[in-house]
Amino acid sequence: MGEAIVITSGKGGVGKTTTTANLGTGLAHNKHKICLVDADIGLRNLDVVLGLENRIVYDLVDVVEGRCRLRQALIKDKRYDSLFLLPAAQTKEKDAVSPEQMAELMGTLKSEFDFIIVDCPAGIEQGFKNAISGADRAVIVTTPEVSAVRDADRIIGLLEAAEVYDPQLIINRLRPDMVRRGDMMDIQDIIDILAIPLVGVVPDDESIIVSSNRGEPVVLDQRSRPGQAYRNIVRRLEGLEVPFMDLEQKTVMHRLRTLFGIGGKR
Amino acid sequence: MGRGEHWTAGQPFCGARAWNEVLERFLRRGWTMTKEACVIKGNRHGLMLSVSEEASFAEILGQLREKLSAHRDFFQGAVVRLHSSAAFLSEDRVDDLAAVVHEYGMTLDRTMTLEDQRPQKQQRQKVPEFNLDDTKLIRRTIRSGQSIHYSGNVVVMGDVNAGSEIVCSGDILILGSLRGVAHAGAEGNAKAVVFAFRLEPTQLRIAHYISRAPDEKGPKPTGPELAQVVDNLIQIRPYGRFVKR
Ligand SMILES: Nc1ncnc2c1ncn2[C@@H]1O[C@H](COP(=O)(O)OP(=O)(O)O)[C@@H](O)[C@H]1O
Ligand SMILES: [Mg+2]
């Protein structure tokens, strides 16, 4: 029986889709059977980031409405045989799917895959409710901005209400130089507010944009720093304790280690 | 006790007239002689003898003798009421105290009282007493978008994050950081207070008083603080200072 992890944030553009693509690819690289689900109906782009756009025939709404079998809608990745994508419908409305239908779909997927990773749409409406239904746990993505952290906090509250407990945190697009100048929230500030365990910090890096455009997740690039960050997160999701990278924030990183020790309990 | 007037040995208090004057003056204000092993206080209910539970009984008797002999005339004929707990003072000890008091021409009222009988006016400046009846205890973080409404007091063991609100008719105690909006005494009780380990709210409301965080980021609070209405303004003060006084 697999585990369904929803990648969510509240605020848009903070890196949910990038995170989903990289974690999925990284886990598949480590020989897990993975299904990525694009729950951002009407605004799909996980397929683009993975370079699979041109293979889509059926989508999630087709499956739910019985127009095709699940197998027909799943797209196999170019690089890994154990990685599949269930794409979102581009031309349908968000409420084409109900939370109950979504939960049922998750149940089916969990019997076939080790991990199901759901890319959640921005916002807190129907699309969000669909994406989290059937999820066993959640990973919250935020950037070091007050507004993004505020939205993440809201999402954590809503997840609790929906009985998805113990979410973990990824801080994306951190710029150590700005933190050092005092122009960006530091990791500790964010953890103080959100009070959930940290599972990774991804630096802000141009290579992400380059790789997204090429449809080649950065996690596969051995020399890339954000790639290393994602590889570390993958291993933490597998249950290993991996020390945090030094993003040139020595004092903060030191504190992080202890924090992760506590957070790694799950 | 600190606010009471100290009656120093050199002052010319003597005779019944002076006694009346003094009582008169302290009808409105509590006062204290010293704050040692034993204290003799006067208020509108008369004289009160309170003994410190920290001191040894020998110390208490010694100090009592000292004080009474220093102001022998002043205390003549007065009745002094005992203020202590029965657990601390056995029957025998009360007998001993009564004997000393009697030596100096006074009588001891043996009904013990633990109530502080200072006039109400003074108490407002003191450590507020949290009335914990009718209290909702919340053991989690209150997050953005969540709101707690309660008729009574609210105690949160956790943080109250920005974007959330707590509204209640009584006091609000946050055993964590208060970053959201807190409205205490929401049904009009201006004596309600808001307490937090880290008080950095977006907005504070007590009854119909409203205050907001300064636009400029100020220094972060370094310890527990308490907000209450003083002179028609919501005032925030470090909580430790209340305790020390
Ligand atoms: N760590 C990063 N460094 C630089 N750019 C990033 C990073 N993470 C995401 N981006 C860019 O930010 C944009 C939004 O990312 P995306 O994953 O689509 O966010 P979301 O799915 O949350 O809306 C994309 O253009 C992406 O390439
Ligand atoms: Mg997205």
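Here are three short exercises, with solutions, on a predicted model with a ligand and a contact between two chains.

**Exercise 1. Find which residues come nearest to ligand 1, and which helices and strands of chain A supply its shell.**

Step 1. Start with the residues themselves. There are 16 around ligand 1, and A:Gly13, A:Lys16, A:Thr17, A:Thr18 and A:Asn172 come nearest.

Step 2. Now look at the elements they sit on. Four parts of chain A each give the shell at least two residues: helix H1 (16-29), strand E7 (168-174), strand E8 (198-203) and helix H10 (206-214).

Step 3. Sort the shell by class. You should get seven polar residues, five nonpolar and four charged.

**Exercise 2. Track down N and O atoms of A:Thr17, A:Pro203 and A:Asp204 that pair with ligand 1, and say whether each belongs to side chain or backbone.**

Step 1. Take the oxygen side of the ligand. One of its oxygen atoms is 2.8 Å from a side-chain N or O atom of A:Thr17.

Step 2. Go on to nitrogen. At A:Pro203 the partner is a backbone N or O atom, 3.0 Å from a nitrogen atom of ligand 1.

Step 3. Then check A:Asp204. Here the side chain does the job, with an N or O atom 3.5 Å from a ligand nitrogen. A polar contact needs such a pair within 3.5 Å, so this one sits right at the cut-off.

Step 4. Ask how well the ligand is covered. On its own, ligand 1 has 570 Å² of accessible area, and the protein covers 81% of that.

**Exercise 3. Describe the contact between chain B and chain A: its residues, its area and its salt bridges.**

Step 1. Count the residues: 11 come from chain A and 10 from chain B.

Step 2. Get the area. About 840 Å² is buried between the two chains, with carbon and sulfur atoms giving 38% of it. On the chain B side, B:Arg143, B:Ser144 and B:Arg179 supply 56% of what that chain buries against chain A, more than any other three residues.

Step 3. Look for charge pairs. There are two salt bridges between the chains; one of them joins B:Arg143 to A:Glu160, with the closest N and O atoms 3.8 Å apart.

Step 4. Finish with polar contacts and classes. Five residue pairs are in polar contact across the chains, and the chain B side that touches chain A has five polar, four charged and one nonpolar residue.

Terms used: Residues are numbered from 1 along each chain as its sequence is written. Chains are lettered from A and ligands numbered from 1 in the order in which they are written. This is a predicted model: local features need pLDDT of at least 70, side-chain atom pairs count only at pLDDT 80 or more; totals for chains, interfaces and linings use all residues. Side-chain values use heavy atoms; hydrogens and water are left out. A residue is near a molecule or strand if one of its heavy atoms lies within 4 Å of it. A polar contact is a pair of N or O atoms within 3.5 Å; within protein, one must be able to donate a hydrogen and the other to accept it, and residues adjacent in sequence count only if both atoms are side-chain atoms. Accessible areas come from the Shrake-Rupley method with a 1.4 Å probe; for residues, only the protein chains shown count as cover. Ala, Val, Leu, Ile, Met, Phe, Trp, Tyr, Cys and Pro count as nonpolar, Asp, Glu, Lys and Arg as charged, and the others, Gly among them, as polar. Contact means heavy atoms within 4.5 Å. Buried area is the accessible area (1.4 Å probe) that two parts lose on being put together, summed over both. A salt bridge is a side-chain nitrogen of Lys or Arg within 4 Å of a carboxyl oxygen of Asp or Glu.
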